[in-house]
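User: I'm new to this structure and would like a close look at one part of it. Could you pick a salt bridge, walk me through where its partners sit, and then work outward from there?

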Amino acid sequence: MIKVLVVDDESSISTAVAYALRREGYMVETAADGLEALERVEIFKPDVMVLDVMMPRLSGYDVCRKLDGQSRPAILLLTVKDDIVDKVLGLELGADDYMTKPFDIRELAARVKALSRRGTALAQQGEERQVLTLGGLTAELLSRTVRMQGEQLDLTPKEYDLLVLLMRNPERVYSREALLELVWNMDFAGGTRTVDIHVQRLRKKLGDLQGIIQTVYGIGYKSTGTP
């Protein structure tokens, strides 16, 4: 069963979201602030976290900063700010999606469903290939880990999904819109900037091997075995 952690200091919101998600069949727990959220992540080990940004003791941004790649669930940020700078900051800190309050509970449930399916479509493609290699990178599909020249990379769930998709099909050019559909399973209200932000973060983590992900100007991105 998919586990979801709902984090919001407004009990009316967390209660309503938790109720809606339980009706969809998820196992749901709640937390009232960022510090409690970090504690619940260690114990509950959620697959998805619905995380409010503005909270006492520890903000949603701070929670994103403190989560490491191994324990990090997929993160849907909730914010009252309708400012692209705030949304971009959340994505740069490792969030996978965001919604602005007030939100439609049905849309939130759909976003959670999309995040909970992360990697499913990718795993179904060539399931017999449990290990992928490309230009010094090795992706182990069963454990959802990627190693660069033997060292494990600290990737968020969406960074992993994006990188593995590109590694599966070297030299294939993907438009930003196609990547949104294949990796995020839906069209994002924030547009294709989401893809660019994740590619930038991946390249930073790849360091000397960042050339494995190449920009195809005017279209999108591809991977290559010769960075």
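Analyst: Let's start with E159 and R201, whose side chains meet in a salt bridge, with N and O 2.6 Å apart. Keep in mind that this is a predicted model. The pair ties together distant parts of the chain: E159 belongs to helix 7 and R201 to helix 9 (residues 193-206), 42 residues apart. Are these two partners buried or exposed? E159 has a relative accessible area of 1%, so E159 is buried. R201 comes out at 10% relative accessibility, so R201 counts as buried too.

Now look at the helix that holds E159. Helix 7 covers residues 157-168, and its 12 residues should span 16 Å at 1.5 Å a residue; the end C-alpha atoms are 17 Å apart, which agrees. All of it is tucked away: 12 of the 12 residues are buried, so helix 7 is largely enclosed by the rest of the structure. Among those buried residues are K158, E159, D161 and R168, along with L162, L163, V164 and L165.

That salt bridge has company, since a search of the whole structure finds 16 salt bridges. One of the others joins D33 and R57, at 3.0 Å from N to O. D33 lies in the loop between strand 2 (27-31) and helix 2 (34-44), while R57 lies in the loop between strand 3 (48-52) and helix 3 (60-66), 24 residues apart. Here the partners have opposite surroundings: D33 is buried, with a relative accessible area of 10%, whereas R57 counts as exposed at 60%.

Then there's K101 with D52, where the closest N and O atoms are 3.2 Å apart. K101 sits in the loop between strand 5 (97-100) and helix 5 (105-116), D52 is in strand 3, and 49 residues separate them. Both K101 and D52 are buried. They also belong to something wider: salt bridges with shared partners join D8, E10, D52 and K101 into one network.

Next, helix 1 makes a nice contrast with helix 7. Helix 1 runs through residues 11-23, and its 13 residues reach 18 Å from first C-alpha to last, close to the 18 Å expected at 1.5 Å a residue. Which of its residues are buried? They are I13, S14, V17, A18, A20 and L21. These cover an arc of only 165° around the axis, which puts them on the same side of helix 1. The spacing fits a general rule: an α-helix has 3.6 residues a turn, so residues three or four places apart point the same way. The face turned away from the buried side carries the exposed residues S11, S12, T15, Y19 and R23. What covers the buried residues includes strand 1 (3-7), strand 2 and helix 5. After helix 1 comes G25, with a positive phi near 100°.

Strand 1 is a good place to finish, through V4, which is found there. V4 has 0% relative accessibility, so V4 counts as buried. V4 and V28 are 24 residues apart in sequence, yet 4.8 Å apart in space from C-alpha to C-alpha. Leaving out residues up to four places away in sequence, V4 touches L21, Y26, M27, V28, E29, F44, P46, V48, V50 and V112. L21 in that list takes us back to helix 1, where L21 is one of the buried residues.

How values were computed:
Residues numbered from 1 in each chain as written. Predicted model: local features only at pLDDT ≥ 70, side-chain atom pairs only at ≥ 80, totals over all residues. Heavy atoms only, no water. Helix = DSSP H or I, 4+ residues; strand = E, 2+ residues; numbered from the N terminus. Expected span 1.5 Å × (residues − 1). Buried < 20%, exposed > 50% of the residue type's maximum accessible area, 1.4 Å probe, protein only. Salt bridge = Lys/Arg side-chain N within 4 Å of Asp/Glu carboxyl O. Arc of directions from axis to C-beta. Contact = heavy atoms within 4.5 Å.
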